[in-house]
Amino acid sequence: IFYTMMGLKKDAGAFFVFLGILELFVTCTVSLTTLIALAYKGSPAVGNLISTFTLLLSAMFGGFLIAIDSIPEWLRWLQWLSAYRYAWGAVLSNEMRNQV
């Protein structure tokens, strides 16, 4: 329902590509948080906190919360580790396909 609320293309092909991108993004972030939880053998609450902090940093360096140009140059390499950046780029590419 949020696909149409965002005003994205009214095309079945673009919708299913969007769902595929969303599914891959969710799988990637769940895998990352599971890896962190399994790597940390202490308290599950601390593992959850570290996972949340990792996802927050990934969202910050994704390019849509903070402009990449406003990030200090010595931290810009973190954008390439962000799953959010790749998902956002894929959604934009899907939406702008055949627009030119």
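Why does Arg-76 count as partly exposed? The legend to View 1 takes this up.

**View 1. Arg-76 sits in the loop between α3 and α4.** This is a predicted model. Arg-76 has a relative accessibility of 25%, so it counts as partly exposed. The cut-offs matter here: buried means under 20%, and exposed means over 50%. Set aside the neighbours within four places in sequence, and Arg-76 is in contact with Ile-68, Asp-69 and Ile-71. Val-46 is 30 residues from Arg-76 in sequence. In space, C-alpha to C-alpha, these two residues are 27 Å apart.

**View 2. Helix α2 runs from residue 12 to residue 39.** It has 28 residues. At 1.5 Å a residue, α2 should span 40 Å. Its end C-alpha atoms are 40 Å apart, so the model agrees with the expected span. Several residues of α2 are buried: Ala-14, Phe-18, Ile-21, Phe-25, Thr-29 and Ile-36. What do the buried residues of α2 pack against? Their partners are α1 (2-5), α3 (44-60) and α4.

**View 3. The largest nonpolar core holds 11 residues.** Its members are Tyr-3, Leu-8, Ala-14, Phe-18, Ile-21, Phe-25, Ala-59, Ala-83, Tyr-84, Ala-87 and Val-91. Two helices, α2 (12-39) and α4 (83-96), each supply at least two residues of this core. Take Phe-25 as one member of the core. Not counting residues up to four places away in sequence, Phe-25 touches Ala-83, Tyr-84 and Ala-87.

**View 4. Ala-87 lies in helix α4.** Is Ala-87 buried or exposed? Its relative accessibility is 15%, so Ala-87 counts as buried. Beyond its neighbours within four places in sequence, Ala-87 is in contact with Ile-21 and Phe-25. Both of these contacts are also listed among the buried residues of α2. Thr-29 is another buried residue of α2. Thr-29 and Ala-87 are 58 residues apart along the chain, and their C-alpha atoms are separated by 11 Å.

**View 5. A nonpolar patch of about 930 Å² lies on the surface.** Which residues make this patch? They are Ile-1, Phe-2, Met-5, Met-6, Phe-16, Leu-19, Leu-22, Val-26 and Val-30. The elements that give two or more residues to the patch are α1 and α2. The largest share comes from α2, with 5 residues. One patch residue to find is Leu-19, which is in helix α2. Leu-19 has 36% relative accessibility, so it counts as partly exposed. Helix α2 thus appears in two views: it supplies residues to the nonpolar core, and it gives residues to the nonpolar patch.

**View 6. Thr-34 is another residue to find in helix α2.** At 37% relative accessibility, Thr-34 counts as partly exposed because its value falls between the cut-offs for buried and exposed. How far apart are the C-alpha atoms of Thr-34 and Gly-62? They are separated by 20 Å. Along the chain, Thr-34 and Gly-62 are 28 residues apart.

Terms used:
Residues are numbered from 1 along each chain as its sequence is written. This is a predicted model: local features need pLDDT of at least 70, side-chain atom pairs count only at pLDDT 80 or more; totals for chains, interfaces and linings use all residues. Side-chain values use heavy atoms; hydrogens and water are left out. A nonpolar core is a set of buried Ala, Val, Leu, Ile, Met, Phe, Trp, Tyr and Cys residues joined through side-chain atoms within 4.5 Å. Buried means under 20% relative accessible area, exposed over 50%, partly exposed in between (1.4 Å probe, protein chains only). Helices (H or I, at least four residues) and strands (E, at least two) are DSSP runs, numbered from the N terminus. Contact means heavy atoms within 4.5 Å. The expected span of a helix is 1.5 Å times one less than its number of residues. Patches are made of residues with over 30% relative accessible area and no salt bridge: like charges are joined within 9 Å, nonpolar side chains (Val, Leu, Ile, Met, Phe, Trp, Tyr) within 5 Å. Accessible areas come from the Shrake-Rupley method with a 1.4 Å probe; for residues, only the protein chains shown count as cover. A salt bridge is a side-chain nitrogen of Lys or Arg within 4 Å of a carboxyl oxygen of Asp or Glu.
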